[in-house]
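Dear colleague,

I am writing to hand over a structure for your consideration. Please find it directly below, followed by an account of what was found in it.

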Amino acid sequence: MTAAVETVLVEPVARLVGHLRVPGDKSISHRAVLIGAICDGETRVAGFGRSADTEATVAAVRALGAEVYEHDVDTLRVFGRGLRGLRPPAGPVDCANAGTLMRLACGVLAGQDGAFELTGDTSLSARPMERVAEPLRRMGARIETTDGHAPLRIVGGPLAPIDYELPVASAQVKSAVLLAGLFAEGDATTVVEPAPTRDHTERMLAAAGARVRIGERSVSVWAAERLQLGEVEVPGDFSSAAPFLVAATLVPGSELHLHGVNLNPRRTGLLSVLERMGARITVYNRRSIGGEPGGDLEVRSAELVGTRVRLEEVPLAIDELPLFALAACSAHGDSVLRGAAELRAKETDRIDAVVDGLKALGAHVRGTPDGFVVRGVPTRLRGGRLSSRGDHRIAMLGAIAGLASREGVRIDDAAAVAVSFPGFFDLLDTLRRQAAA
Ligand code: S3P
């Protein structure tokens, strides 16, 4: 048996109690390493969210000439090569499953000297890449896709600033253009968003000394001479906390505390949606963690009512929308998600994966071209078997469904959780022991 096809049975749990921490934010961890690689000198990263995805970023910047020392599991030192100091490795840069790495690297490499090739695994090679290639070409980059997908070939060189209106709300595309803007002499490079998306890149570039202007729906960056990050403290990943928020909401008698979580409002759309549904989630010890809004969360079980996700909430909850579907299954009344066709362009088609997966567990859910409709039944789901389809978020969805089910859930290819949260099943075991104590 290989790890990739491992099947895990997650049995129902009577309640969830205790205190936990989740790994460092994946989006911020990717950026700290990638931006650290084009900084001058040393960047110390504390709370690094180690996962298959972020390890791919460490391997990529090493291949490009940066040095990375791993002091322990979540502490890194990145020795940057300066803004234009990355060098082509002998072969392609393997981005594995990491869309964030591939798309952000395009922006960085467009400004370097030399020719670079970026490859990814089967899932990443099926995801759309013209969305980054197109604006970068407008800036003067030479970048070729393979029928719109990876492998990508980039020949770095001089870039010109652009004003770019994003056709889809995507933080990855925004970030690729802003990173390329660091190399574009003259005016500002400006990205206009159709709806606000996560803003970690612009925050980190400003922290590194770049000139950045943040408007309501736009971000501008000017060419930089040098960047220096120094220290990056990575807060806990809200996207990794979200499964536990939903689990404790659904499993009666639960009371969980999650500590040190990133609560950047561009990430916490699921909180607003769950609160509207009647969830009992309290934020306390609000504080800044590594320059991002953060805090601790207390979640108690609650009866939910169905809701509609608002269009502007979609990008703010994009990676948590599968969990919203699960919460909606046990709510009173119907729930609706629209305007989320982007879910079809994730690690899998997450609309199909959610609909097929939850139906197999006894849910009443149907897919639409850009979302889903759930008929809630306020009891535990029956349970059954679901395939992660190699997608970490679907594997975790299955596991949380299992905890809150009557019969448990068997997850095929459960090892996919390692893409963002390698310790996920160990943490579930700990919670199960605490529930029994
Ligand atoms: C990410 C942005 C989002 C998100 C992904 C991480 C990032 O993707 O789904 O998991 O770190 O910028 P899109 O920008 O494609 O929406």
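The notes that follow take up the ligand site, two groups of strands, several loop residues and some backbone angles.

Please keep in mind throughout that this is a predicted model.

**The ligand site**

The ligand occupies the largest pocket. Three elements each give two or more residues to the shell around the ligand, namely α1 (26-36), α3 (99-109) and α5 (171-181). The residues around the ligand include Ser27 and Arg31, Thr100 and Arg103, and the run Ser170, Ala171 and Gln172. Arg198, Ile318, Asp319 and Lys346 are also among them.

Which parts of Ser27, Ala171 and Gln172 do the oxygen atoms of the ligand approach? For Ser27, the partner is an N or O atom in the side chain, at 2.7 Å from a ligand oxygen. For Ala171, a polar backbone atom lies 2.9 Å from an oxygen atom of the ligand. Gln172 likewise offers a polar backbone atom, with a distance of 2.8 Å to a ligand oxygen. On its own the ligand has 380 Å² of accessible area, and the protein covers 94% of that area.

**The open sheet**

Four strands form an open sheet with mixed pairing, in the order β6-β7-β9-β8. Its edge strands are β6 (93-94) and β8 (142-146), each of which pairs on one side only. Within the sheet, β7 (residues 114-119) and β9 (residues 149-156) are antiparallel and share 5 bridges. In this pairing, Glu117 stands opposite Arg153 of β9.

Strand β9 also contains Pro151. The peptide bond that leads from Ala150 to Pro151 is cis, with omega near -5 degrees. For context, most peptide bonds are trans.

**Strand β15 and its partners**

Is strand β15 (residues 255-262) mostly covered or mostly uncovered? It is mostly covered, as 7 of its 8 residues are buried. Strand β2 (residues 17-21) runs parallel to β15 and is joined to it by 5 bridges. Gly18 has Leu256 of β15 as its bridge partner. Strand β17 (residues 292-300) is antiparallel to β15, with 6 bridges between them. Here Val261 stands opposite Gly295 in β17.

**Between β6 and α3**

The loop between edge strand β6 and helix α3 contains Ala96 and Ala98. How do Ala96 and Ala98 stand with respect to burial? Ala96 has a relative accessible area of 27% and counts as partly exposed. Ala98 is buried, because its relative accessible area is 0%, under the cut-off of 20%. The backbone of Ala96 also deserves a remark, as its phi is near 55 degrees, a positive value in a residue other than glycine. Ala98 and His30 are 68 residues apart along the chain, and their C-alpha atoms are separated by 9.4 Å.

**On either side of α11**

Ser388 is located in the loop between β21 (384-387) and α11. This serine is buried, with a relative accessible area of 0%. What does the side chain of Ser388 reach? One contact is with the backbone nitrogen of Gly390, at 2.9 Å. Another is with the backbone oxygen of Asp413, at 2.7 Å.

Ala404 is placed in the loop between α11 (392-403) and β22 (409-412). Ala404 counts as buried because its relative accessible area of 7% is under 20%. Between the C-alpha atoms of Ala404 and Val191, which are 213 residues apart along the chain, the separation is 42 Å.

**A positive phi in β16**

Asn285 lies in strand β16 (residues 280-289). Although Asn285 is not a glycine, it has a positive phi of about 50 degrees. Most residues other than glycine have a negative phi. With 47% relative accessibility, Asn285 is classed as partly exposed.

In reading the model, you may wish to begin with the ligand in the largest pocket and then turn to the cis peptide bond from Ala150 to Pro151.

With kind regards

Definitions and conventions. Residues are numbered from 1 along each chain as its sequence is written. This is a predicted model: local features need pLDDT of at least 70, side-chain atom pairs count only at pLDDT 80 or more; totals for chains, interfaces and linings use all residues. Side-chain values use heavy atoms; hydrogens and water are left out. Two strands pair if DSSP finds at least two bridges between them. Buried means under 20% relative accessible area, exposed over 50%, partly exposed in between (1.4 Å probe, protein chains only). A residue is near a molecule or strand if one of its heavy atoms lies within 4 Å of it. A polar contact is a pair of N or O atoms within 3.5 Å; within protein, one must be able to donate a hydrogen and the other to accept it, and residues adjacent in sequence count only if both atoms are side-chain atoms. Accessible areas come from the Shrake-Rupley method with a 1.4 Å probe; for residues, only the protein chains shown count as cover. On a 1 Å grid over the protein atoms alone, a cavity is a set of points where a 1.4 Å probe fits but cannot get out, and a pocket is an open set with protein on both sides within 12 Å along at least five of seven lines; lining residues have an atom within 4 Å of a point. A molecule sits in a cavity or pocket if more than half of its atoms lie within 2 Å of its grid points.
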